[in-house]
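Here is a short briefing to read alongside the structure. Have the sequence and the 3D view open, and let's walk through a glutamate and some aromatic rings.

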Amino acid sequence: MDYKNSMKIEFSALSENESFARNVVACFALNLNPSVAEITDIKTAVSEAVTNSIVHGYPDGDGQIEMEVFLENNIIHINIFDKGVGIENIEEALEPFYTTKPDDERSGMGFTIMNSFMDKVIVESKKGEGTKVYMSKTLKSDV
């Protein structure tokens with residue numbers, strides 16, 4: 001698909017890069033003149049997706065996360081990819097409160113939060129090959 005404006009970055013799967021990722025997306029989204037509430041929604045969803053990649057995708061702490069963002073009319077598309085351990089059962093992982101790390105005080109609400117703040121969330125994953133999260137949100141602000 002031919003997008004009018006896009007960006008792609010790759011960064012280390014380190015917890016300190018979660019805020020970097022959400023702020024980069026927020027700055028890029030400013031082209032669509034979003035409301036403060038819309039920016040907050042986007043930042044929250046990106047934070048959850050990146051954190052999932054860091055915590056669950058790379059439990060040993062060594063890996064890269066790729067993020068692509070596309071602007072299409074008044075829609076922002078955000079894709080977050082890792083090449084980590086993958087998800088064995090996506091349907092189960094999408095259930096509220098499901099977590100593979102209960103001892104780490106994880107709530108299991110990451111995908112639920114993404115779904116509540118974005119219009120569309122699609123998760124693809126293969127065990128041993130990584131996870132891809134595709135999210136989009138239509139911004140109500142005038143462009």
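A polar contact here is a pair of N or O atoms within 3.5 Å, and within protein one must be able to donate a hydrogen and the other to accept it. Please keep in mind that this is a predicted model. With that in hand, E66 is a good place to start: its side chain makes a polar contact with the side chain of K8, at 3.5 Å.

**Around E66**
- You will find E66 in strand β2, which covers residues 64-72.
- E66 counts as buried because its relative accessibility is 18%, and the cut-off for buried is under 20%.
- Beyond its neighbours within four places in sequence, E66 is in contact with K8, I9, E10, N79, I80 and F81.

**Aromatic pairs**
- The count of aromatic pairs comes to 2.
- F11 and F20 form an edge-to-face pair, since their ring planes stand at 80°, with the centres 6.0 Å apart.
- Of these two, F11 is buried at 5% relative accessible area, while F20 is partly exposed at 40%.
- F81 and Y134 also pair edge-to-face, with 5.7 Å centre to centre and 70° between the planes.
- Because F81 lies in strand β3 (residues 75-82) and Y134 in strand β5 (residues 130-138), the pair ties together parts that are 53 residues apart in sequence.

**More on F81 and Y134**
- F81 is buried, with 15% relative accessible area, whereas Y134 is partly exposed, with 25%.
- The ring of F81 also has the charged end of K132 sitting over it, 5.8 Å from the ring centre.

How values were computed
Residues numbered from 1 in each chain as written. Heavy atoms only, no water. Helix = DSSP H or I, 4+ residues; strand = E, 2+ residues; numbered from the N terminus. Buried < 20%, exposed > 50% of the residue type's maximum accessible area, 1.4 Å probe, protein only. Contact = heavy atoms within 4.5 Å. Phe/Tyr/Trp six-rings, centres within 6.5 Å; stacked < 30°, edge-to-face > 60°. Lys NZ or Arg CZ within 6 Å of the ring centre and 35° of its normal.
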